[in-house]
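Me: I've just opened this one and I'd like to go through it with you. Can we start with the picture?

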Amino acid sequence: MNIRVLGAHSRETATTKYTSLLVDDVLALDAGSLASSLSIPAQKRLKAILVTHEHYDHVRDIPAIALNMFRECSSIQVCATPEVLIAIETHLLNGSIYPPFQDMPQERPSIRFTPVAPYEPVEICGYEVMPVPVNHSAHAVGYQVTDARGKAVFFYTGDTGPLSAECWQHLSPQLLVTETTFPARRASVAIRTRHLTPSGLHHSLIAFRQLKAYLPEVAVVHMDPAMETETAQEIAGVAGDLGASITMAHANMLLPVPEPAVPAAGMCRQGGPAASYTERETAAPACTG
Ligand SMILES: [Zn+2]
Ligand SMILES: [Zn+2]
């Protein structure tokens with residue numbers, strides 16, 4: 001399985017993109033930077049998008065993908081919980097912001113909404129996909145993707161606060177793709193908006209290891225580019241403390257998929273820097289991403 005990061009940040013700048021993953025060129029997870037990262041032929045190879053939740057940075061490119069599918073006489077499946085699909089239909093593809101591509105063309109709509117339910121595995125593009133609720137907005141789910149051999153390859157949390165055994169008991173991934181939006185000094189914002197700091201990631205991984213007796217390979221996305229350097233330093237501390245292998249992802253990175261899942265030596269791989277982003281964090285804006 002080939003897992004490519006298209007975007008790995010929670011804020012878009014000249015050098016950072018909203019979060020999206022691409023599996024084997026056909027299955028996307030979240031649509032923060034889907035259209036802006038892929039050529040038209042690559043977009044036409046897409047079969048489905050798994051959407052974790054309705055926040056703008058995760059659904060932003062759905063209208064753009066929909067228009068491209070429409071113009072190319074193609075179509076794509078958009079999978080999410082019913083509440084998230086309703087939000088997309090009500091606020092994006094509503095005939096005002098953009099055409100209702102879920103209804104047009106009538107004979108073969110460009111967007112095919114597919115509702116999913118927590119803990120109910122579904123087959124999508126030949127993969128078994130299981131939605132599992134996470135600690136974020138009301139209807140947010142992460143997705144565990146299992147390959148054709150029945151191996152649970154990875155779990156993508158989307159946005160989430162700390163996860164407990166209640167979540168982990170349903171999962172056995174070789175690779176965990178999760179978020180770390182803020183460093184420790186913004187812990188109060190992280191708690192209020194249900195995102196992870198490195199400390200929150202630490203707690204989540206300890207809960208995982210206590211239950212499963214191993215740690216998966218970990219890749220981190222959804223960083224705030226203004227605070228990425230200190231976030232990376234703190235994550236290096238988490239990796240060293242747990243003996244975990246944690247990769248800071250960046251756009252165009254191919255994620256490592258270990259086989260079988262085994263605890264790795266403590267290390268933190270630093271992804272590509274958000275080099276030219278220099279804006280300083282000032283007052284405490286609410287983050288809803
Ligand atoms: Zn987000
Ligand atoms: Zn969010």
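Reply: Let's fix one term before anything else: two residues are in contact if their C-beta atoms, placed from the backbone, lie within 7 Å. This is a predicted model, where local features need pLDDT of at least 70 and side-chain atom pairs count only at pLDDT 80 or more, while totals for chains, interfaces and linings use all residues. Residues are numbered from 1 along each chain as its sequence is written, and chains are lettered from A and ligands numbered from 1 in the order in which they are written.

Me: Which residues is Ser33 in contact with, leaving aside its neighbours within four places in sequence?

Reply: Find Ser33 in the loop between strand 3 (27-29) and helix 1 (34-37); helices (H or I, at least four residues) and strands (E, at least two) are DSSP runs, numbered from the N terminus. The C-alpha atom of Ser33 is separated by 5.4 Å from that of Tyr18, although the two are 15 residues apart along the chain. With sequence neighbours up to four places away set aside, the contacts of Ser33 are Leu6, Gly7, Lys17, Tyr18, Ser20 and Asp61.

Me: Is Ser33 buried or exposed?

Reply: Here's the rule: a residue is buried if 20 or more other C-beta atoms lie within 10 Å of its own, exposed if 12 or fewer, and partly exposed in between. Ser33 has 25 C-beta neighbours inside 10 Å, so the residue counts as buried.

Me: How much of the chain is made up of buried residues?

Reply: The chain has 9 helices and 14 strands. Taking the 289 residues in the chain, the buried part comes to 49%.

Me: In what order do the 6 strands of the open sheet come?

Reply: Strands of a sheet pair through backbone hydrogen bonds, either parallel or antiparallel. For counting purposes, two strands pair if DSSP finds at least two bridges between them. In this open sheet of 6 strands the pairing is mixed, and the order is 1-2-3-4-5-6.

Me: And which strands stand at the edges?

Reply: Look for strands that have a single partner, so that one side is left without a neighbour in the sheet. That picks out strand 1 (3-7) and strand 6 (111-115).

Me: Why is strand 1 called largely enclosed by the rest of the structure?

Reply: Strand 1 pairs with strand 2 (residues 20-23) in the antiparallel sense over 4 bridges, and Val5 stands opposite Leu21 there. Strand 1 is largely enclosed because, of its 5 residues, the number buried is 4.

Me: Which residue of strand 5 does Ala48 stand opposite?

Reply: Strand 4 (residues 48-50) and strand 5 (residues 76-80) run in the parallel sense and pair over 3 bridges. Opposite Ala48 in strand 5 you'll find Gln77.

Me: Which residues have the most contacts inside the largest nonpolar core?

Reply: In soluble globular proteins, nonpolar side chains tend to be buried together. A nonpolar core is a set of buried Ala, Val, Leu, Ile, Met, Phe, Trp, Tyr and Cys residues joined through C-beta atoms within 7 Å. The largest one here has 74 residues, and those with the most contacts inside it are Leu21, Ala28, Ile49 and Val51.

Me: What is the bridge partner of Ile124 in strand 8?

Reply: Strand 7 (residues 122-124) and strand 8 (residues 127-133) pair in the antiparallel sense over 3 bridges. They form a hairpin with 2 residues between them, and Cys125 in the turn has a positive phi of about 55°. The bridge partner of Ile124 is Tyr127.

Me: And the partner of Val132 in strand 9, which residue is that?

Reply: Strand 8 also pairs with strand 9 (residues 141-146), in the antiparallel sense over 6 bridges. Val132 has as its bridge partner Gly142.

Me: Which elements do the buried residues of helix 8 pack against?

Reply: The buried residues of helix 8 (residues 198-212) are Pro198, Gly200, Leu201, His202, Ser204, Leu205 and Phe208. They pack against helix 6 (165-168), strand 11 (175-179), helix 7 (187-193) and helix 9 (228-242).

Me: Last one: what is omega near for the peptide bond from Met104 to Pro105?

Reply: Pro105 is in the loop between helix 5 (82-91) and strand 6. The bond from Met104 to Pro105 is cis, with omega near -5°.

Definitions and conventions
The expected span of a helix is 1.5 Å times one less than its number of residues.
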